[in-house]
Amino acid sequence: MADYEYATTLDGDTMEAFEIAARQIAEEKGMDLENVEKSMKKLIYLFVTRI
Amino acid sequence: MDVSALYEERLQRFDDVMSRKIPDRVPVIPNMNTWMYHFAGVSVKKAFLEDPNEIFNAAKYMTDRIPMDALMSTSNTVPLKVAENIGPDEGIYTCSENGVQIKGSHGRLMEPQEYKLMAENPMKFFANVLIPRKFNAFRNASLEKKVDLIKQAYADNISFIQYNRTANTRIEKELGMPLIVRATNFLAPDIVLDYLRDFVGISLDVRRNPDEMYAACLSLYDYVLEMFDDTATPPDRKILFTPLHLPTYLRPKDFEKLYLPSMKKYLEEMAVKRGYSVYFFMENNWMPYLDLLQELPENTKFLGLFETEKVEELVEIKSRLGSRFIVMGGMPVSLLRFGSKEDVIETCKRCLDQLAPGGGYIFSTDKTLMTFNDGTPENVIAACEYVTEHGKY
């Protein structure tokens with residue numbers, strides 16, 4: 001039995017946090033935003049599977 | 001021979017087999033994991049977390065004593081510092097002197113009612129639903145705090161990639177030893193098994209929610225492919241690695257409906273359309289599924305390491321599926337652990353006599369060499385030496 005309620009929507013702000021983080025990193029490091037966003041896509045996956 | 005020529009010779013030997021040519025001799029690629037570190041007397045924790053030169057030192061110690069043609073990887077595949085910096089007790093892995101372990105049962109991260117959400121948008125589902133559920137630090141955190149955590153994780157992951165690059169570059173350039181796994185891609189049903197529903201959960205889903213699970217896996221497949229295309233460099237002569245965990249726990253008819261389509265779709269894209277070398281670790285017993293595997297594409301650079309202790313089973317697999325799989329394996333880890341040197345060499349002879357003819361075969365162990373008990377050094381050395389010396393075509 002799960003110790004949480006199952007989700008019924010995709011609502012939440014963690015995705016937004018990844019997007020904000022990508023913009024800040026790109027600006028702070030002078031990197032291409034698109035490349036940082038691609039890395040974030042992978043980081044989201046790693047959070048769930050490899051961390 | 002200079003080191004770069006040695007590297008090229010080894011990589012080409014591997015690629016010749018993958019390209020379905022007859023190489024100069026049978027390649028020797030033991031299914032090596034952290035055994036290498038134990039053999040070399042190197043702390044896994046120190047190698048993975050503190051000093052990348054220890055990874056190199058372990059590889060050098062081993063390859064100076066045991067002839068082989070490639071390493072799959074250095075086994076440092078988990079970005080441990082990311083979890084460390086998220087917070088105490090976060091993450092699902094720990095690392096000790098002996099290796100990396102998963103902390104207990106962790107895989108039930110979602111409920112079957114949520115398959116529809118995953119099908120709708122797997123990345124958003126992972127970010128908005130699963131990450132806050134999995135990590136205490138994210139649950140109830142402010143947006144600003146989440147941004148800080150993510151930026152730290154991003155930096156830690158970059159450091160991890162660079163750490164490994166330091167070790168990998170030294171191994172390839174100074175030892176002439178190819179590290180042949182370029183990237184790892186899980187098939188979607190195995191992501192569900194390993195990280196989302198665990199074994200009991202997915203076993204129920206196969207019976208109670210097969211259509212929802214299947215639809216979610218199709219979306220998850222697209223996410224995995226998108227990530228690969230966004231972040232990976234083309235593998236050249238190296239391989240894309242996929243471990244197969246779920247299939248042999250499915251009845252053949254469930255495997256055919258729920259898993260085989262994922263295999264076919266992935267191979268059609270990567271091996272057929274793009275011409276990449278693809279490696280599936282075919283874990284457990286695949287004998288009941290051989291007829292179904294006839295649906296896989298033929299004459300591609302597709303390698304299967306079959307986890308069978310019986311050379312005769314590998315012979316049957318090669319006989320029935322040799323146009324689809326380059327076959328890898330043959331040496332039981334149990335024999336390396338418990339057998340005599342004479343028994344080990346006898347098995348090597350059988351592998352060469354029965355599997356080598358016609359090419360399409362790479363000598364390896366049936367299972368991963370992880371703990372030091374997985375094989376005595378004497379036996380591992382004897383096996384690799386014998387096949388290197390006697391495996392010429």
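In this predicted model, Cys217(B) sits in helix H10 of chain B. Because 24 C-beta neighbours fall inside 10 Å, and 20 are enough for the label, Cys217(B) counts as buried. Leaving aside residues up to four places away in sequence, Cys217(B) touches Ala188(B), Pro189(B), Val192(B) and Ser262(B). Ala59(B) makes a useful distant landmark: 158 residues separate it from Cys217(B) in sequence, and the C-alpha atoms of the two are 37 Å apart in space.

Helix H10 of chain B also takes part in a contact with chain A. Helix H2 (residues 33–49) of chain A packs against H10(B), residues 210–231, at an angle of about 135 degrees, and the two axes are 9 Å apart. This angle makes H2(A) oblique to H10(B). The crossing of H2(A) past H10(B) is left-handed. From the chain A helix, Lys38(A), Ser39(A), Lys41(A), Lys42(A) and Tyr45(A) take part, and they meet Glu226(B), Met227(B), Asp230(B) and Thr231(B) in H10(B). By class, the residues of this contact are five charged, two polar and two nonpolar.

A second helix of chain B also meets H2(A). The axis of H2(A) and that of helix H8 (residues 143–175) of chain B come within 11 Å, crossing at roughly 95 degrees. With that angle, H2(A) is roughly perpendicular to H8(B). Here Ser39(A), Leu43(A) and Leu46(A) of H2(A) make the contact with Ala153(B), Tyr154(B) and Asn157(B) of H8(B). Four of the residues in the contact of H2(A) with H8(B) are nonpolar and two are polar, with no charged residue. Ser39(A) thus appears in the contact with H10(B) and again in the contact with H8(B).

Turning to the contact between the chains as a whole, chain A contributes 30 residues and chain B contributes 39 residues. On the side of chain A that touches chain B, helix H1 (14–29) and H2 each supply at least two residues. H2(A) gives the most to this side, with eleven residues. The residues on the chain A side comprise 18 nonpolar, five polar and seven charged.

Further along chain B, Met270(B) lies in helix H11 (residues 252–273). Met270(B) is buried because 22 other C-beta atoms are within 10 Å, which meets the threshold of 20. Its contacts, not counting residues up to four places away in sequence, are with Leu240(B), Tyr276(B) and Val278(B). Between the C-alpha atoms of Met270(B) and Phe302(B), which are 32 residues apart along the chain, the separation is 9.7 Å.

Helix H12 (residues 311–321) of chain B has a buried side and an exposed one. Its buried residues are Val311(B), Leu314(B), Ile317(B), Lys318(B) and Leu321(B). These residues span an arc of only 120 degrees around the axis, and therefore lie on the same side of H12(B). The spacing suits a helix, since an α-helix has 3.6 residues a turn and residues three or four places apart point the same way. Glu312(B) and Ser319(B), on the other side of H12(B), are exposed. The packing partners of the buried residues of H12(B) are strand E6 (302–306), strand E7 (326–331), helix H14 (341–355) and strand E8 (361–365) of chain B.

Helix H14 of chain B has a further partner in helix H15 (residues 377–390) of chain B; the axes of H14(B) and H15(B) come within 9 Å and cross at roughly 35 degrees. The crossing of H14(B) past H15(B) is right-handed. H14(B) brings Lys341(B), Val344(B), Ile345(B), Cys348(B) and Leu352(B) to the contact, while H15(B) brings Glu378(B), Asn379(B), Ala382(B), Ala383(B), Tyr386(B), Val387(B) and His390(B). Eight nonpolar, two polar and two charged residues make up this contact of H14(B) with H15(B).

Two points of backbone geometry in chain B deserve a look. Most residues other than glycine have a negative phi. Arg20(B), however, has a positive phi near 65 degrees; this residue lies in the loop between helix H1 (3–18) and helix H2 (35–40) of chain B. Arg20(B) counts as partly exposed because it has 15 C-beta neighbours inside 10 Å. Asp198(B), also not a glycine, has a positive phi of about 60 degrees, and its place is in helix H9 (residues 188–208) of chain B. With 16 other C-beta atoms within 10 Å, Asp198(B) is partly exposed.

Key:
Residues numbered from 1 in each chain as written. Chains lettered and ligands numbered in written order. Predicted model: local features only at pLDDT ≥ 70, side-chain atom pairs only at ≥ 80, totals over all residues. Axes fitted to C-alpha atoms, helices over the stretch in contact; angles between N-to-C directions. Helix = DSSP H or I, 4+ residues; strand = E, 2+ residues; numbered from the N terminus. Parallel < 35°, antiparallel > 145°, perpendicular 65-115°, else oblique. Left-handed = near helix turned anticlockwise from the far one by under 90°. Contact = placed C-beta atoms within 7 Å. Nonpolar A, V, L, I, M, F, W, Y, C, P; charged D, E, K, R; others polar. Buried ≥ 20, exposed ≤ 12 C-beta atoms within 10 Å, placed from the backbone. Arc of directions from axis to C-beta.
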